[in-house]
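The following paragraphs lead through a single protein model, moving from its overall composition to individual residues. Please keep the sequence and the structure in view while reading.

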Amino acid sequence: MLFLTVPYAEKDEAKALGARWNPTKRRWYVPDGVATAAFAKWAGQGADSPPGGAPTGRVDSYQGKTVTGANYVALEHDCNPFEACPQCTAALLGTEWQKARQHLAGLVAKL
């Protein structure tokens with residue numbers, strides 16, 4: 001299974017070529033057994049393997065702008081940063097993301 005970064009404006013084109021939508025990961029993918037050559041323009045982009053190794057974040061295809069929060073931290077693997085993960089805990093330790101999360105948790109606790 002090859003995950004793709006397909007802008008919303010190009011979703012119909014990807015679907016016509018055989019790509020499928022994964023609602024859990026909210027990403028388009030090429031199913032096993034389908035040739036991947038036709039999907040080259042969408043493969044190798046986005047959060048899984050950013051060009052140049054720098055995090056690019058989500059792209060708003062309408063505006064063509066990179067959309068990331070001020071506290072964005074690129075994680076090495078696909079996990080939920082709101083759940084305990086030994087690998088991500090070390091990566092998030094001391095970051096602005098963690099401080100913002102703790103602040104939010106404090107506000108929610110007061111409710």
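The accessible surface of the protein comes to about 8200 Å², and carbon and sulfur atoms account for 55% of that surface. The model is a predicted one. Of its 111 residues, 18% count as buried. Among the contacts between residues at least 6 apart in sequence, 38% join residues that are at least 24 apart.

The secondary structure comprises three helices and five strands. Read from the N terminus, the elements follow the order β-α-β-β-β-β-α-α.

Three of the strands form an open sheet, in which the order is β1-β3-β2 and the pairing is antiparallel. Strands β1 (2–4) and β2 stand at the edges; each has a single partner strand, so one side of each is left without a neighbour in the sheet. On average, neighbouring strands of this sheet are turned by 45° against each other, direction ignored.

The pairing can be followed strand by strand. Strand β3 covers residues 27–30 and is joined to β1 by three bridges, the two strands running antiparallel. Within this pairing, F3 stands opposite Y29 of β3, while L4 has W28 of β3 as its bridge partner. On the other side of the sheet order, β2 and β3 also pair in the antiparallel sense, again over three bridges. Here N22 has R27 of β3 as its bridge partner.

How many residues lie between β2 and β3 in the hairpin that they form? There are four residues between the two strands, and R26 in the turn has a positive phi of about 55°. R26 belongs to the loop between β2 and β3, and its phi is noteworthy as a positive value in a residue other than glycine. With a relative accessibility of 63%, which is over the 50% limit, R26 counts as exposed.

N22 offers a view of the hairpin from the side of β2, the strand that spans residues 20–22. Is N22 buried or exposed? Its relative accessible area is 15%, and N22 is therefore buried, since the limit for that class is under 20%. The side chain of N22 is placed beside backbone atoms of residues that follow in sequence. One of its polar atoms lies 2.9 Å from the backbone nitrogen of T24, and the side chain also reaches the backbone nitrogen of K25 at 3.1 Å. When neighbours within four places in sequence are left aside, N22 is in contact with F3, R27 and Y29.

R27, the bridge partner of N22, is located in strand β3. R27 has a relative accessibility of 16% and therefore counts as buried. The side chain of R27 makes a polar contact with the side chain of T5, at 3.3 Å.

The two faces of β3 may now be considered together. In a regular strand the side chains alternate between the two faces of the sheet. Both faces of β3 are covered: R27 and Y29 are buried on one side, and W28 and V30 are buried on the other.

Which residues make up the largest nonpolar core? This core has eight residues, namely L4, V6, A14, A19, W28, V30, F39 and W42. W28 and V30 thus appear both in the core and on one side of β3, and L4 is the residue whose bridge partner is W28. Another member of the core is A14. Not counting residues up to four places away in sequence, A14 touches V6, A19, F39 and W42.

The final position to examine is V34, which lies in the loop between β3 and β4 (58–60). At 32% relative accessibility, V34 counts as partly exposed. V34 and L2 are 32 residues apart in sequence, and their C-alpha atoms are 9.8 Å apart in space.

Technical notes
Residues are numbered from 1 along each chain as its sequence is written. This is a predicted model: local features need pLDDT of at least 70, side-chain atom pairs count only at pLDDT 80 or more; totals for chains, interfaces and linings use all residues. Side-chain values use heavy atoms; hydrogens and water are left out. Buried means under 20% relative accessible area, exposed over 50%, partly exposed in between (1.4 Å probe, protein chains only). A polar contact is a pair of N or O atoms within 3.5 Å; within protein, one must be able to donate a hydrogen and the other to accept it, and residues adjacent in sequence count only if both atoms are side-chain atoms. Contact means heavy atoms within 4.5 Å. Two strands pair if DSSP finds at least two bridges between them. Axes are lines fitted to C-alpha atoms, for helices over the stretch in contact, and angles run from 0 to 180 degrees between N-to-C directions. A nonpolar core is a set of buried Ala, Val, Leu, Ile, Met, Phe, Trp, Tyr and Cys residues joined through side-chain atoms within 4.5 Å. Accessible areas come from the Shrake-Rupley method with a 1.4 Å probe; for residues, only the protein chains shown count as cover.
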